[in-house]
Amino acid sequence: MKTGGRLIVDALEANGVERIFCVPGESYLAVLDALHDSPISTIVCRQEGGAAMMADCEGRLTGRPGICFVTRGPGATNASAGVHIARQDSNPMILFIGQIARGIREREAFQEVDYKRFFGDIAKWVVEIDDARRIPELVTRAFAVATSGRPGPVVIALPEDMLTDEVEAPAPLPFTPVETRPGDAEMAALQSLLEQAERPFVILGGTRWSETAVGQMCAALERWSLPVGCSFRRQALCDQLHASYAGDVGIGVNPKLGKYIRESDLVLLVGCRFGEMPSSDYTLLKSPYPDQKLVHVYPDPHELGRVYRPTVAINATPAAFAEAFSATSPARTPAWANRTEQLHQDYLEWSTPPASGPGKVLMGPIMAHLETVLAEDAIICNGAGNFATWMHRFHRHRRYGTQSAPTSGTMGYGLPAGVAAKHLDPQREVIVWAGDGDFLMHGQEFATAVQYGLPIVVVILNNGIYGTIRMHQERDYPGRVSGTDLTNPDFAAYARAFGGHGETVNETADFAPAFERARKSGKPAIIEVKLDPEAITPTRTLSQIREGK
């Protein structure tokens with residue numbers, strides 16, 4: 001006989017869970033009690049949204065569901081931001097919510113929420129467990145649902161009285177992963193289309209990759225001399241110094257690359273949905289009928305043909321497709337090899353940081369310095385805002401698993417992700433790249449980094465505004481500033497107040513020594529970079545945008 005709380009923890013252990021992220025609540029005390037005697041690490045966070053984003057980051061970097069526990073009502077609704085990220089970014093995670101007792105439902109009891117209705121459109125599956133005897137069945141099913149097809153978030157509500165029930169239940173067994181593989185006919189059709197093509201292009205994205213799969217894919221791309229790009233915030237899917245790499249396909253795509261894709265005659269889309277952001281508002285590939293022949297590889301059949309009608313649809317995981325594609329080779333030297341070389345040279349030029357700009361702090365030299373000192377396996381985590389452009393455009397990812405950034409464009413993601421990434425792999429350097437408005441969305445999770453001794457380095461680009469919104473405001477309503485100015489704290493002092501290390505950069509030359517001191521401090525660190533608000537993008541100032549230049 002075991003309590004429901006104990007059965008939940010047994011099911012997590014059986015499915016290989018090593019850590020959970022949580023904000024405690026009286027609604028699931030029975031689970032917390034069971035975790036007391038479990039080898040699973042319990043990471044106590046400061047806000048449920050941050051905890052859910054940490055779980056998303058674990059799912060993103062490992063392919064295994066990140067686990068988050070929160071309490072009912074406001075705890076669950078706070079966590080919804082992380083659930084939305086996991087949904088849009090196709091990352092496996094499971095959110096457990098302590099729920100009101102079963103006997104008082106439908107009375108609008110204290111903090112009562114109908115989670116099936118609340119999460120119905122953003123979670124992949126929502127279930128409330130009324131019978132503790134079904135915990136092994138339903139929790140194991142949650143792992144299968146979160147990881148199969150298009151991965152995503154699962155929400156499980158746990159009535160608090162159910163968690164204290166003592167029942168007899170079967171021992172939980174781990175879930176069985178589901179892999180979909182391409183058929184011989186589809187691979188033959190792809191090879192035929194490639195041999196007929198004159199201007200092909202490959203776009204890699206999505207999830208369900210592995211380091212092995214990325215290596216297989218890149219080797220095949222080299223054999224075929226195929227030009228390749230990575231979709232928005234998926235740059236770690238290809239070594240960016242690979243001879244075939246042509247750049248990221250997302251917001252602010254290199255105009256030369258955008259032109260080539262529009263004029264291509266064959267696009268091989270592997271692993272990604274290619275939504276609004278990477279498709280440049282559905283202009284690189286027209287919806288529903290692309291101008292190019294399209295081979296779309298995706299693990300969920302419901303996505304194939306949903307937005308774009310493919311010439312060939314391949315229902316397969318990226319890892320399985322990469323394995324199959326690695327066995328192919330061209331019958332003759334591809335006609336497009338010179339174009340591939342030129343596209344890579346265009347990328348190298350595009351990703352070279354500018355040497356000048358407005359203000360006393362120049363981001364170009366700072367990015368150039370980071371490229372000389374960061375290890376190839378350093379993990380870069382960021383949220384959303386114009387500040388991210390500097391990292392996305394000028395940092396060259398060399399290895400798989402070095403990027404954790406929301407394709408859903410969620411602010412405040414970087415710091416929680418950095419905490420999770422450092423806990424996952426303490427030996428690797430973790431850099432959190434943040435804006436001032438972005439950072440304070442979940443700045444309290446710096447306390448979590450301090451509590452668990454996780455020496456991440458947080459770089460905050462402080463320009464005193466919500467930069468992306470100000471840029472759009474100046475473009476559409478020039479000179480009519482409203483709702484986008486910020487008054488910020490001393491971020492270096494903020495770091496020290498939590499017990500971390502703090503630095504302030506007022507001039508370009510200050511950054512390199514400040515960064516080195518932060519790395520050597522052995523503490524979670526914040527480097528505040530005082531950036532001129534005019535430096536809103538690498539190529540245009542706010543004044544130029546306001547004046548329509």
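Here are some exercises with worked solutions on a predicted model.

**Exercise 1: two packed helices**

Work out how helices H1 and H6 cross, and which residues make the contact.

Some background to begin with: a packed pair of helices is described by the angle between the axes and by the distance between them.

Step 1. Find the helices: H1 covers residues 4–14, and H6 covers residues 135–147.

Step 2. Look at the axes, which come within 9 Å and cross at roughly 35°. The crossing of H1 and H6 is right-handed.

Step 3. Pick out the contact. H1 brings Gly4, Leu7, Ile8, Ala11 and Leu12, while H6 brings Ile135, Val139 and Phe143.

Step 4. Sort these residues by class: seven are nonpolar, one is polar and none is charged. The polar one is Gly4, because Gly counts as polar here.

**Exercise 2: a six-stranded sheet**

Put the strands of the open sheet in order and find its edges.

A reminder first: strands in a sheet pair through backbone hydrogen bonds, in either a parallel or an antiparallel way.

Step 1. Read across the sheet: the order is E11-E10-E9-E12-E13-E14, and the pairing is parallel.

Step 2. Now go for the edges. E11 and E14 (312–315) each pair on one side only, so they are the edge strands.

Step 3. Check the twist: neighbouring strands are turned by 15° against each other on average, with direction ignored.

Step 4. Zoom in on one pair. E13 (residues 293–298) runs parallel to E14, and four bridges join the two. Val297 stands opposite Ile314 of E14.

**Exercise 3: the enclosed space**

How many cavities of 30 Å³ or more does the model have, and what lines the largest cavity?

The idea is simple: rolling a probe the size of a water molecule over the atoms shows where empty space is left.

Step 1. Count them: there is one cavity of 30 Å³ or more. The largest cavity has a volume of about 30 Å³.

Step 2. List the lining of the largest cavity: Gln240, Tyr245, Asp248, Tyr347, Trp350, His392, Arg393 and His395.

Step 3. Match the lining to elements. Strand E11 (245–249), helix H12 (337–350) and helix H14 (388–394) each supply at least two residues. E11 is also an edge strand of the sheet in Exercise 2.

Step 4. Sort by class: the lining has three nonpolar, three polar and two charged residues.

**Exercise 4: two open pockets**

Describe the largest pocket and the second largest pocket by volume, lining and elements.

Step 1. Start with volume. The largest pocket has about 1000 Å³, and the second largest has about 790 Å³.

Step 2. Find the centres. Of the 41 residues lining the largest pocket, Ile251, Gly385, Asn386, Thr389 and Met471 lie nearest its centre. The second largest pocket is lined by 40 residues, and Arg60, Leu61, Thr62, Trp209 and Tyr400 lie nearest its centre.

Step 3. Name the elements. For the largest pocket, H14, H16 (436–439) and H18 (467–476) give two or more residues each, and H18 has the largest share with six. For the second largest pocket, H3 (48–62), H6, H11 (318–325) and H15 (414–424) each supply at least two. Its largest share, four residues, comes from H3.

Step 4. Finish with the classes. The largest pocket's lining has 19 nonpolar, 15 polar and seven charged residues. The second largest pocket's lining has 17 nonpolar, twelve polar and eleven charged.

Note on methods:
Residues numbered from 1 in each chain as written. Predicted model: local features only at pLDDT ≥ 70, side-chain atom pairs only at ≥ 80, totals over all residues. Heavy atoms only, no water. Axes fitted to C-alpha atoms, helices over the stretch in contact; angles between N-to-C directions. Left-handed = near helix turned anticlockwise from the far one by under 90°. Contact = heavy atoms within 4.5 Å. 1 Å grid on protein atoms, 1.4 Å probe; cavity = no way out; pocket = protein on both sides within 12 Å on 5 of 7 lines; lining within 4 Å. Points joined across faces, edges and corners; volume = space filled by probe spheres on them.
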